[in-house]
Amino acid sequence: MEGYDYTFQENIAKDPGTHHFNGIITPEMMQEVQNFKPDAILIYGWAWNSHLKALRFFKDKFPIYFRGDSTLLDQQKSFKSVLRKYFLNWVYSHIDKAFYVGEANKNYFKKYGLNDLQLHFASHAVDNERFSQGRKVEADRLRQKFGVADQEILILFAGKFEVKKNPSLLLEAFNALNLPNVHLLFVGNGDLEGSLKRKVEGLGTKRSFDYAQDDKEGRMGFGVGSLEKKINEKSFDYAQDDNIKKRIHFMDFQNQTEMPVVYQACDLFCLPSKGPGETWGLAVNEAMAAGKAVLVSTKVGCAVDLVKPGINGEVFRSNDLDDLMRKLGELTSSKEKLTKMGIQSQQIIQNWSFEKQVEAIVDTIYNNDAK
């Protein structure tokens, strides 16, 4: 926090936190901001009590800049969506300019009343340098720990084991393809952890599962119904391969200081999210900064901006097992191809940095103030 004046506001919420609207209530904020006499106000998000009050209170008092990363990817037509449109048009009528993080976010802002003159690009970013710094010795050691040979391919999923991120679909595709010399590593924890591990334990036997998707329990079918038909048509003898369990690995949640090693150990990063709520997917930035090819679903907000099909990875149709299997099979057909894609990823992500983000925000506010 060095280098500038700052103050923290007292939060009097009964249940403080960002998990609900009344989790941030700071009654002294309005007066303190006025005493500070700012040239501009930058607000991140409106979905908390104090943030929304600030938007309303400071309208026409100071220039208000806004930053958020919402998209239209999960929207469906309904009466509720009509009401939401009126509400969001009202919310965004209180701001002067917004910083959008990517094309999907820009489309969202435009739908809810902002025009091109009000919109300025400020990229979503991670610390690219930290993820790109060489950790090869540690990465090689991690691969050796899981028995992944140099010539073999390691696919990585890193994130919460939750329905939104859809790790079960990746496991399903990996199991169905049953590719030799390809490993799968799940890194993280979450509600689906037990379910995923049980499914892996069940591989290699003729166990029966209900193929009907159950989001709450994360169930999926390996032995019956339409999936069995799909696999049989592709001549995959998945149910008889006990060795596939030896190529599926788990690690608990890792501190950010260790994640560069995890990314650098893999050959392909996959984020198979089906939403709702995967507005961006910063893990993709991290993997690309580490120089890795990426495979993401169409529900991942950054897909249109960061993933160039055939160049640094692929995009598959959300929750489409066949499309995921097809893209996964293509990408893992050559380790050399993945290496070249990783180099492209690292070049692409250079323009999505903290430095570029700060420069965009400062220049926009400065230029507007100068007028």
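Two strands are taken to pair if DSSP finds at least two bridges between them. Helices (H or I, at least four residues) and strands (E, at least two) are DSSP runs, numbered from the N terminus. The structure is a predicted model, in which local features need pLDDT of at least 70 and side-chain atom pairs count only at pLDDT 80 or more, while totals for chains, interfaces and linings use all residues. Residues are numbered from 1 along each chain as its sequence is written, and side-chain values use heavy atoms, with hydrogens and water left out.

Strand β3 spans residues 97–100. Strand β2 (residues 64–67) runs parallel to β3, and three bridges join them. In this pairing R67 stands opposite F99. Strand β4 (residues 119–121) is also parallel to β3, again through three bridges. Here F99 faces H120 of β4. Two β-α-β units involve β3. Helix α3 (residues 79–92) connects with β2 and β3 in a right-handed unit. Helix α4 (residues 103–111) does so with β3 and β4, also right-handed. A crossover is right-handed if, with the strands pointing away from the viewer, the path from the first strand over the helix to the second runs clockwise.

In a regular strand the side chains alternate between the two faces of the sheet. Both faces of β3 are covered. K97 and F99 are buried on one side, A98 and Y100 on the other. Buried means under 20% relative accessible area, exposed over 50%, and partly exposed in between (1.4 Å probe, protein chains only).

An open sheet of six strands has the order β7-β6-β5-β8-β9-β10, with parallel pairing. Its edge strands are β7 (248–251) and β10 (313–316), each pairing on one side only. The twist averages 20 degrees from one strand to the next. For such angles, axes are lines fitted to C-alpha atoms, for helices over the stretch in contact, and values run from 0 to 180 degrees between N-to-C directions. Strand β6 (residues 182–187) pairs with β7 in the parallel sense over four bridges. L184 lies opposite I248 of β7.

L156 sits in strand β5 (residues 153–158). The residue is buried, at a relative accessible area of 0%. Contacts (heavy atoms within 4.5 Å) were listed without residues up to four places away in sequence. The partners of L156 are L185, V187, V262, Y263, C266, L268, F269 and C270. The C-alpha atoms of L156 and H183 are 8.6 Å apart, with their positions 27 residues apart along the chain.

A salt bridge is a side-chain nitrogen of Lys or Arg within 4 Å of a carboxyl oxygen of Asp or Glu. The count by this rule is 14. One of them joins E138 and R135, at 2.6 Å from N to O. E138 is partly exposed, with 30% relative accessibility. Another joins K136 and D140, at 2.7 Å from N to O. These two are separated by about one helical turn, because they lie four residues apart in helix α6 (residues 136–145). K136 is exposed at 58% relative accessibility, whereas D140 is partly exposed at 24%.

D267 and R143 also form a salt bridge, with the closest N and O atoms 3.1 Å apart. This pair links distant parts of the chain, 124 residues apart. D267 belongs to the loop between α10 (259–265) and β8 (268–271), and R143 to helix α6. Both residues of the D267 and R143 pair are buried. Elsewhere, salt bridges that share partners join R317, D320, D323, R326 and K327 into one network.
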